[in-house]
Amino acid sequence: MYARWISFAAGLGLMLAPLVLGYGAAAPILHDVAMGVLVCVATLAALEWPLARLVLAAPAAWLLLAGRGSADPAAAAVERSAGVLLLVLAAVPSARFAPPAR
């Protein structure tokens, strides 16, 4: 469960990085905000359906690839670090709470 909330925080970090780091162009801003929203939505889905965590591997791989081609060094660093973190967290299984015994 903690891995999902850390993934959600990584999505929020992607959305807030352009504000904090001051990206120079509009394209990296839009890319990171869109990817942050996608990661947050996928993480909320993974909280309900534990196998949906595997869906987070797709945006993680995309962030790793996009970070290599980014012209803005701050955006590249944020995208690569978020991609690695999300890829690792996608491999961590979620524990569902058992219903209370009667």
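This is a short tour of the chain, stop by stop, with something to select at each one.

Before you click anything: this is a predicted model, where local features need pLDDT of at least 70, side-chain atom pairs count only at pLDDT 80 or more, and totals for chains, interfaces and linings use all residues. Residues are numbered from 1 along each chain as its sequence is written, and side-chain values use heavy atoms, with hydrogens and water left out.

**Whole chain**

Start with a cartoon view. You should see four helices and zero strands, in the order α-α-α-α along the sequence. Helices here are DSSP runs of H or I with at least four residues, strands are E runs of at least two, and both are numbered from the N terminus. Switch to the C-alpha trace: along its principal axes it spans about 60 × 20 × 15 Å.

Now turn on the surface. The accessible area is about 6,100 Å², with 76% of it on carbon and sulfur atoms (Shrake-Rupley method, 1.4 Å probe; for residues, only the protein chains shown count as cover). Of the 102 residues, 36% are buried; that means under 20% relative accessible area, while exposed is over 50% and partly exposed is in between (1.4 Å probe, protein chains only). If you like contact maps, take the contacts with a separation of 6 or more: 65% of them join residues 24 or more positions apart. A contact is heavy atoms within 4.5 Å.

**Helix α1**

Select residues 2–21, which make up α1. Show W5 and F8 as sticks. A search of the whole structure finds one aromatic pair, and these two form it: edge-to-face, 5.9 Å centre to centre, with 75 degrees between the planes. For pairing, ring centres of Phe, Tyr and Trp (its six-membered ring) must lie within 6.5 Å; planes under 30 degrees apart are stacked, over 60 edge-to-face, and the rest tilted. W5 and F8 are three residues apart in α1, so about one helical turn separates them. W5 itself is partly exposed, at 42% relative accessible area.

Next, select L16, L19, V20 and L21. Together they form a nonpolar surface patch with about 450 Å² of accessible area. L16 is partly exposed, at 48% relative accessibility.

**Helix α2**

Move on to residues 26–48, the α2 range. This helix has 23 residues and reaches 34 Å from first C-alpha to last, close to the 33 Å expected; the expected span is 1.5 Å times one less than the number of residues. Colour its buried residues, among them M35, V39 and C40. What do the buried residues of α2 pack against? Turn the view and you'll find α1, α3 and α4.

**The loop before α3**

Click V55, in the loop between α2 and α3 (57–68). V55 is partly exposed, at 49%. Try a distance label from V55 to I29: they are 26 residues apart in sequence and 23 Å apart in space, C-alpha to C-alpha.

**Helix α4**

Last stop: residues 73–90, which are α4. P73 belongs to this helix and is exposed, with 63% relative accessible area. Draw a C-alpha distance from P73 to L38 and you get 22 Å, across 35 residues of sequence. With 18 residues, α4 should span 26 Å, and its end C-alpha atoms are indeed 26 Å apart. Finish by selecting its buried residues, including V78, A82, L86 and L89; the buried set of α4 packs against α1, α2 and α3.

Technical notes. Patch = residues over 30% accessible without salt bridge, like charges linked within 9 Å, V, L, I, M, F, W, Y side chains within 5 Å. Salt bridge = Lys/Arg side-chain N within 4 Å of Asp/Glu carboxyl O.
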